[in-house]
Amino acid sequence: MTVDLRKDFVEYAKSLNNACADTNIQKALTRSVDAYRNTVAETMERFPHTPALAEEVRELKCQSMANLDKLLETAMASVERNKGKAFYAKDHQAALEIALGIIGTNKTIVKGKSMLGEELHLREYLEEKGNEVWETDLGEFILQLRKERPMHILSPSIHVPREQVAEVFSKFFNKEVPPDIAEEVKVVREFMREKYFTADIGISGANVVAADTGAMVIIENEGNVRLATGAPPVHIVIVGVEKLVPTFQDAMKVAEVTWRYAQYGIPGYVNIVSGPSKTGDIEKVTTYGAHGPKEFYVIFVDSGRSEMAKQEKFSEALNCLRCGGCMYECPVFQVTAGHFGHIYMGGIGTIWTAFVSGGMEKAAPMAYSCLRCGRCVERCPMSINVPAMVGELRKRSIYGE
Ligand code: SF4
């Protein structure tokens, strides 16, 4: 399909130009890029085996994507064996309907950060259906209050300095919150604690899923995912099928590479969730619904991913670990943040936008703002050749497939 580039470009160019003129974006990104580079350099020195492990992960991700159907079947059977319920959603609408079928209305929901959740507009959808939904990740919570979308896949509120956070919190909490980061964190901690323990449902994504065991691996630092997935009586995982790998050992390798390139020597928490809570403490009889959730659901979402896997020129994009490293190196992202994006951002986001979140209409303007400089490839643990894919997208935007 070809697109009317002039029409699609106008709005997008306006947004990029506004972003370039926004001094808050410049300030926040300059600090973040420096911090990212320094921390990653130091981390790689401490853990020098990481690049070789990344090579191994790249190979196993390629093999996994070539065997998606089989992995999905195995993973769904594993979830059911663990007394969870597994669903497959072909597209966004199906995923939303399955989630709503489980949740219903008038529920309180605490939610962890998830790019797939953004893709689905999950919070907005559940709110429209009469539920109260809270983003528990601090950055996502800030954006929920500001009614904005994420500007980075890992640090969603990267563009909001502490002064603006204080403003929005003072208004929401109806008291003076100073522009002091420790105070800002404290006020959210106090507010959110009550939500975790009164919520009906916790929703999370997963960084990687081991098909053989049905284990969902969720990396985090804040401790919000532990609480959001451990305290409410129901836990729903919504995860893209590209997160599947064959074994638990494979999943651990993917997780380590992900957090290392996301600039952590070791993250605060690595959650491994495989089913509802259980105990065998009385007469060794396994009983479900102990201290954690009584019910556990997993919705595996396709929505363009298996189509991407079939296309030789683009399948590599599915290897993306969402570490966010490439964005810190991207010269366009450095001055525009997530405005160089539509749900997914930067060069890799261009490919994901085309197949998964916005189609060619949204992806084509992004493809033309990518400089194809290749700096992202240098940083990427999966060495994803984004410039080549962007070139192909430009061609398709004019001549079609
Ligand atoms: S494309 Fe590479 S560097 Fe960018 S988020 Fe994905 S894995 Fe990380």
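In this predicted model, the side chains of Lys 313 and Glu 392 meet in a salt bridge, with 3.8 Å from N to O. The pair links distant parts of the chain: Lys 313 belongs to the loop between H13 and helix H14 (325-329), Glu 392 belongs to helix H19 (residues 386-399), and 79 residues separate them. Glu 392 is buried, its relative accessible area being 12%.

This contact is one of 20 salt bridges found in a search of the whole structure. Another joins Arg 305 to Glu 119, whose closest N and O atoms are 2.9 Å apart. Arg 305 is part of helix H13 (residues 305-310) and Glu 119 is part of helix H6 (residues 115-120), so this salt bridge ties together parts that lie 186 residues apart in sequence. What is the relative accessible area of Arg 305? The value is 1%, and Arg 305 is therefore classed as buried, the limit being under 20%. Glu 119 also counts as buried, at 4% relative accessibility.

A further salt bridge is formed by the side chains of Arg 123 and Glu 135, at 3.1 Å from N to O. Here the two parts tied together are 12 residues apart in sequence, because Arg 123 lies in helix H7 (residues 122-128) and Glu 135 in strand S3. Arg 123 is buried, with 11% relative accessible area, and Glu 135 is buried as well, with 1%. Both residues take part in a network of salt bridges that links Lys 111, Arg 123, Glu 124, Glu 127 and Glu 135.

Strand S3, which holds Glu 135, leads to the sheet. Six strands form an open sheet with parallel pairing, in the order S1-S12-S7-S4-S2-S3. Its edges are strand S1 (85-89) and strand S3 (132-135), each of which pairs on one side only. Direction ignored, neighbouring strands of this sheet are turned by 20° against each other on average. In general, the strands of a sheet pair through backbone hydrogen bonds, in either a parallel or an antiparallel manner.

At the S1 edge, the partner is strand S12 (residues 295-301), and the two strands pair in the parallel sense over 5 bridges. Within this pairing, Tyr 88 has Phe 300 of S12 as its bridge partner. Towards the other edge, helix H10 (residues 181-198) lies across strand S2 (108-111) and S3, and runs at about 130° to S3.

The ligand provides the next point of orientation. Which residues surround the ligand? They are Cys 320, Leu 321, Arg 322, Cys 323, Gly 324, Cys 326, Ile 348, Cys 380, Pro 381 and Ile 384. Sorted by class, this shell comprises 8 nonpolar, 1 polar and 1 charged residues.

Ile 384, one of the residues around the ligand, is also touched by Val 377. Val 377 is found in helix H18 (residues 375-379). Leaving aside residues up to four places away in sequence, Val 377 touches Ser 383, Ile 384, Asn 385, Val 386 and Pro 387. Val 386 and Pro 387 fall within the range of helix H19 (residues 386-399), the helix that also holds Glu 392 of the salt bridge with Lys 313. Val 377 can also be placed relative to Tyr 36: the two residues are 341 residues apart in sequence and 16 Å apart in space, from C-alpha to C-alpha.

How values were computed. Residues numbered from 1 in each chain as written. Predicted model: local features only at pLDDT ≥ 70, side-chain atom pairs only at ≥ 80, totals over all residues. Heavy atoms only, no water. Near = heavy atom within 4 Å. Nonpolar A, V, L, I, M, F, W, Y, C, P; charged D, E, K, R; others polar. Pairing = 2+ DSSP bridges. Helix = DSSP H or I, 4+ residues; strand = E, 2+ residues; numbered from the N terminus. Axes fitted to C-alpha atoms, helices over the stretch in contact; angles between N-to-C directions. Contact = heavy atoms within 4.5 Å. Salt bridge = Lys/Arg side-chain N within 4 Å of Asp/Glu carboxyl O. Buried < 20%, exposed > 50% of the residue type's maximum accessible area, 1.4 Å probe, protein only.
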